[in-house]
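Trainee: I would like a close look at one single part of this model, chosen by you. Please tell me what surrounds it, and then how the rest of the chain fits around that picture.

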Amino acid sequence: QPVASGRVGAMPVESGSSAARQAKQKRKSHSLSIRRTNSTEQERSGLQRDVLEGQDSKLPLPLRTNLLDLFSQIEREFENLYIENLELRREIDTLNDRLAGEGTALEGADLAKGALKTKASHSTSQLSQKLKTTYKASTSKIVSSFKATTSRAVCQLVREYVGHRDGIWDLSVTRTQPVVLGTASADHTAMLWSIETGKCLLKYTGHQGSVNSIKFHPTEQMALTASGDQTAHIWRYLVQLPTPQPVADISQTPCEDDVDFSDKDDADGEAEGPADCPSLRVATTTLRSHQGVVIAADWLVGGKQVVTASWDRAANLYDVETSELVHSLTGHDQELTHCCTHPTQRLVVTSSRDTTFRLWDFRDPSIHSVNVFQGHTDTVTSAVFTVGDNVVSGSDDRTVKVWDLKNMRSPIATIRTDSAVNRISVSTNHKVIALPHDNRQVRLFDMSAVRLARLPRSNRQGHQRMVCCSSWCEENSTCNLFTCGFDRQAIGWNINIPALLQEK
């Protein structure tokens with residue numbers, strides 16, 4: 001029996017308040033402790049040595065001794081918290097006894113023998129009932145508000161676009177006719193797809209690294225891709241849409257579908273790309289100025305300039321016609337994760353792993369101002385403009401924040417989620433934010449942070465791996481939302497947004 005245990009057994013028994021002390025000492029003596037507080041330093045080191053020699057471990061003895069000291073410190077802190085907890089409980093018991101005594105004295109008083117007690121119990125009963133009624137009413141309002149939004153929002157999986165041999169980082173939809181879907185993959189290729197048929201129309205193979213981003217020119221049939229080979233490519237495409245085929249009758253599924261978190265590894269196989277898909281290997285323009293991975297790129301309004309974001313902590317502004325570097329946007333402390341341009345103004349927003357995003361203003365040719373926003377506590381994975389005067393930012397800190405460009409001191413709305421948020425997108429017509437998550441979910445919120453829907457995901461439909469990006473398409477009535485992920489597929493959804501939600 002350790003020394004501490006023997007000392008506890010030798011303590012004299014006192015009356016009254018000694019019972020709690022005995023119980024506490026008894027608990028201490030039976031705790032599974034490596035350190036004994038009443039032992040000498042020599043005995044403690046001897047005990048540690050005996051314990052270490054008696055165990056079969058491949059760890060070096062100094063490392064095991066260090067671990068033992070750390071565990072002892074943890075035990076010491078836990079013991080202090082435990083003792084403090086016991087003292088607080090004792091105080092609570094004392095206060096309860098005092099309140100009970102005062103209640104008895106009040107009940108035995110001559111003046112209010114029955115009246116005060118009846119009045120007190122009556123008022124307490126009224127207060128309790130009022131609280132219950134208020135709580136039920138407020139809860140019912142909250143529940144009914146959620147039901148009013150989620151039960152009327154209907155999601156339908158329309159088509160899957162399968163052909164990449166690795167995860168898909170990004171996707172985008174053309175802004176001109178013909179309307180096609182573009183995907184950027186870690187398999188070093190970018191693909192163009194027919195939205196209606198799911199057929200691959202063109203495969204771009206000009207990059208030597210992972211294709212991390214794809215964006216289309218606002219008026220011409222040109223694509224801009226960013227890659228891990230430290231370059232961005234501009235390439236022209238000419239595609240002909242196949243004859244649309246009838247869409248299989250898929251029953252409309254409420255967005256709040258039951259979630260099945262079981263893993264499905266069907267995508268692990270080496271899926272071959274479409275055999276009859278034509279390839280394009282040569283870029284029209286190659287932009288080379290970065291010293292690291294180019295993670296994203298986008299066209300400025302008008303399509304005469306592009307901006308790229310890189311892991312070298314800089315964003316570069318290029319002239320498309322001459323391929324020359326116009327500006328190097330520096331200031332971020334860590335790698336950039338995304339860049340986005342305003343649809344109608346010469347504004348650029350860049351996000352970074354340094355937990356900030358920056359707004360760059362090129363509207364005045366003589367002044368290039370920049371504003372830094374520190375609204376997140378972890379990597380800002382994306383920040384995008386809306387048609388109005390808002391910026392929406394998503395982060396690995398599991399939040400999405402809506403900002404007003406006229407007053408960026410604090411967000412006007414904050415969405416809190418249970419998983420990291422990847423590249424978000426905002427619907428132009430409905431102003432609905434699509435949130436792709438690391439946990440394979442895609443959720444929809446309005447600009448006021450009210451949750452509207454969750455796209456169905458099960459073993460039968462939906463993404464089976466991390467969802468990397470979302471993109472809205474307002475010009476197509478069949479599929480108006482696209483998502484992609486590390487399950488090597490892109491999915492086209494039909495999101496039915498009720499008129500009630502469009503007005504919010």
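Mentor: Let's start from one serine, S310, and work outwards from there.

A word on the ground rules first. This is a predicted model, in which local features need pLDDT of at least 70 and side-chain atom pairs count only at pLDDT 80 or more, while totals for chains, interfaces and linings use all residues. Residues are numbered from 1 along each chain as its sequence is written, and side-chain values use heavy atoms, with hydrogens and water left out.

Now to our serine. S310 sits in strand β13, residues 305-310; strands here are DSSP runs of E with at least two residues, helices are runs of H or I with at least four, and both are numbered from the N terminus. S310 counts as buried because its relative accessibility is 0%. Buried means under 20% relative accessible area, exposed means over 50%, and partly exposed is in between, using a 1.4 Å probe and protein chains only.

What does S310 touch, leaving aside its neighbours within four places in sequence? The list is H290, G292, V293, V294, I295, E335 and L336, where a contact means heavy atoms within 4.5 Å. Another residue to find is T337: its C-alpha is 7.4 Å from that of S310, although the two are 27 residues apart in sequence.

One of those contacts, E335, leads us on. The side chains of E335 and R353 meet in a salt bridge, at 3.6 Å from N to O; the rule is a side-chain nitrogen of Lys or Arg within 4 Å of a carboxyl oxygen of Asp or Glu. E335 is in the loop between β15 (325-330) and β16 (336-341), and R353 is in the loop between β17 and β18, so this pair ties together parts 18 residues apart in sequence. E335 is partly exposed at 21%, and R353 is partly exposed too, at 43%.

By that rule the count comes to 7 salt bridges. One of them joins R236 to E220, with the closest N and O atoms 3.2 Å apart. R236 belongs to strand β8 (residues 232-236) and E220 to the loop between β6 (211-216) and β7 (222-227), and the two are 16 residues apart. In another, D361 pairs with R363 at 2.7 Å; D361 is buried at 16%, whereas R363 is partly exposed at 48%. D170, K215 and R423 are linked in a network of salt bridges.

Next, the nonpolar interior. In soluble globular proteins, nonpolar side chains tend to be buried together. A nonpolar core is a set of buried Ala, Val, Leu, Ile, Met, Phe, Trp, Tyr and Cys residues joined through side-chain atoms within 4.5 Å. The largest one here has 25 residues, and F357, F385, V392, V400, I424, I433 and L435 have the most contacts inside it. Among the elements giving two or more residues to this core are β17 (347-352) and β18 (357-364). The largest share, 4 residues, comes from β20. A second, separate core of 18 residues includes Y161, W193, C469 and C479.

Some nonpolar side chains face outwards instead. L59, L63, L67, L70, F71 and I74 make a nonpolar surface patch of about 520 Å². L67 is in helix α4, residues 61-108, and L67 counts as partly exposed at 32% relative accessibility. UniProt, in an unreviewed entry, lists residues 71-98 as a coiled-coil region; in the model that span is 100% helix and 0% strand, with its end C-alpha atoms 41 Å apart.

The unreviewed UniProt entry also gives "repeat: WD" for residues 161-203, 204-235, 287-328, 329-370 and 373-413. Over residues 204-235, the chain is 53% strand and 0% helix, and the end C-alpha atoms are 9 Å apart. UniProt positions follow the numbering used here, feature names are shortened, and annotations may be inferred rather than shown by experiment.

Finally, step back to the whole chain. There are 6 helices and 30 strands, and 46% of the 504 residues count as buried. Residues 24 or more positions apart account for 52% of the contacts with a separation of 6 or more.

How values were computed: Patches are made of residues with over 30% relative accessible area and no salt bridge: like charges are joined within 9 Å, nonpolar side chains (Val, Leu, Ile, Met, Phe, Trp, Tyr) within 5 Å. Accessible areas come from the Shrake-Rupley method with a 1.4 Å probe; for residues, only the protein chains shown count as cover.
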